[in-house]
Amino acid sequence: MPAGSVPRVVIVGGGFGGFYAAHALAKVAVQVTLVDKHNYHLFRPMLYQVATGLLAGDEVAPPLRVLFSGQKNADVLLSEVTGVDVANRKVVLPNCELPYDYLVLATGIHVNYFGHEEWKQIAPGLDSLQEADEIRSKLLTVFEEAERLASCGNADQAVIQEMLTFVLVGGGTVGVELAGTIAEMTRMALERDFRHLRPGSAQILLYEGTSRILPSFVEELSSKAHRHLEQLGVKIFTGTSVEQVDAEGVVAKGTRVRSRNVIWTAGVAASPAAKWLGADADKTGRVKVSGDLSVPGHPEIFAIGDTALVIADTRNLLGLKSKTAVQMPGLAQPAIQQGEYVAKLIRRRVSSQPAPEPFWYWDKGDLAVVGRGYAVADLRFWRSAGLTAWLLWAGVHVYFLVGFANRLLVMLRWLVQFLTKRRGIGVVSADL
């Protein structure tokens with residue numbers, strides 16, 4: 001399409017919201033430019049499997065340029081947005097400016113250390129492929145170092161214990177998934193692969209500041225997940241905030257816990273999109289949007305996914321509408337549906353059709369995996385915990401993986417690992 005002959009749509013962010021918005025505009029008479037600081041579309045719900053060696057990074061993060069190679073009206077730019085010139089309708093990049101007729105901000109989130117950014121060097125979060133690789137390499141390295149020390153007859157057992165103590169700060173979905181996977185990983189690895197380390201020598205400690213883990217789930221499922229993690233050997237501390245993180249470990253409720261392995265899963269914050277626009281935002285930085293997901297006063301700018309504070313009606317899987325509007329959770333499904341909705345709205349504007357009704361969310365429920373063959377599922381009208389929920393979780397996650405090849409690879413890898421009880425990736429890929 002000749003430049004300038006059709007409306008220009010700039011989408012910032014190649015996550016779920018941005019990807020599905022761009023994909024839904026494939027047959028619309030617009031020119032799409034997708035900008036992201038990474039060159040891949042990250043399937044974030046399975047990032048913890050990269051961090052624990054279950055999957056390789058390229059199996060959950062296909063390149064954006066490859067995904068859009070067949071979409072003739074889409075360009076992909078590897079760059080980081082530094083601001084938005086709202087008055088002149090331009091997105092500011094380090095070396096240039098991109099003009100737009102429509103702007104979709106799907107900039108996602110970053111790990112929130114609640115004012116303690118210095119903790120990031122000690123307690124990495126799970127926010128990108130690079131951090132997942134760092135966590136995996138760190139986990140594998142401490143096993144190797146502990147084995148080397150244990151092979152010496154006069155090894156200091158306190159030091160080995162410190163090396164094999166894993167602290168996770170935050171008992172939400174990511175914290176629970178990591179805790180369960182690391183617990184099973186340590187049991188199987190220490191029993192089969194290491195000759196001088198006892199399977200019971202590893203400790204997995206999970207800290208949650210609220211009264212229960214998985215606080216977004218109903219208490220019944222939260223309790224079942226709690227019990228299953230304890231059966232795996234995870235020690236759970238609810239109502240316990242971590243007050244200090246340093247090279248020696250953490251301090252929680254005034255108690256020093258010595259550990260070489262601290263992982264931050266406690267919270268997230270929105271990108272600076274609200275500051276770029278000078279828009280009203282909530283305390284976590286999410287842009288407050290109108291019913292059509294546009295920024296108030298700027299009908300040509302939309303914020304979706306974790307970038308936006310969206311209050312909307314919902315319908316369950318059976319199509320039954322809720323009585324009151326609710327705040328959208330920071331999950332993949334709301335972002336996907338919001339991206340597709342914005343694409344539909346732009347298509348109607350471009351073709352001079354009536355605007356669609358305000359955004360509403362088809363609530364397909366919540367899922368969280370708690371270990372090998374065990375998950376919790378809340379579909380609103382049906383709840384389950386155990387193997388059935390795990391099969392549902394596996395099916396849903398494989399379905400939403402982008403690309404047939406990725407789905408096939410993940411299914412085969414899961415099958416092999418389920419039968420052999422072995423990790424997929426066991427190579428230390430970085431010097432730590």
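This passage describes a three-stranded sheet in a predicted model.

The sheet is open, and its strands follow the order β12-β13-β14 with antiparallel pairing. Its edge strands are β12 and β14, each of which pairs on one side only. On average, neighbouring strands of the sheet are turned by 20° against each other, with direction ignored.

Strand β12 comprises residues 242-246, and strand β13 comprises residues 249-252. These two strands run antiparallel and are joined by 4 bridges. Two residue pairs illustrate how the strands are matched. Asp246 has Gly249 in β13 as its bridge partner, while Gln244 stands opposite Val251 in β13. Together, β12 and β13 form a hairpin, with 2 residues between the strands.

On the other side of the pairing scheme, β13 is joined to strand β14, which comprises residues 255-258. Here, too, the strands run antiparallel, and 4 bridges connect them. Gly249 stands opposite Arg258 in β14. Gly249 thus appears in both pairings, as the bridge partner of Asp246 and as the residue opposite Arg258. A hairpin is also formed by β13 and β14, again with 2 residues between them. In the turn of this hairpin, Lys253 has a positive phi of about 55°.

As regards side chains, those of a regular strand alternate between the two faces of the sheet.

Technical notes
Residues are numbered from 1 along each chain as its sequence is written. This is a predicted model: local features need pLDDT of at least 70, side-chain atom pairs count only at pLDDT 80 or more; totals for chains, interfaces and linings use all residues. Side-chain values use heavy atoms; hydrogens and water are left out. Two strands pair if DSSP finds at least two bridges between them. Axes are lines fitted to C-alpha atoms, for helices over the stretch in contact, and angles run from 0 to 180 degrees between N-to-C directions.
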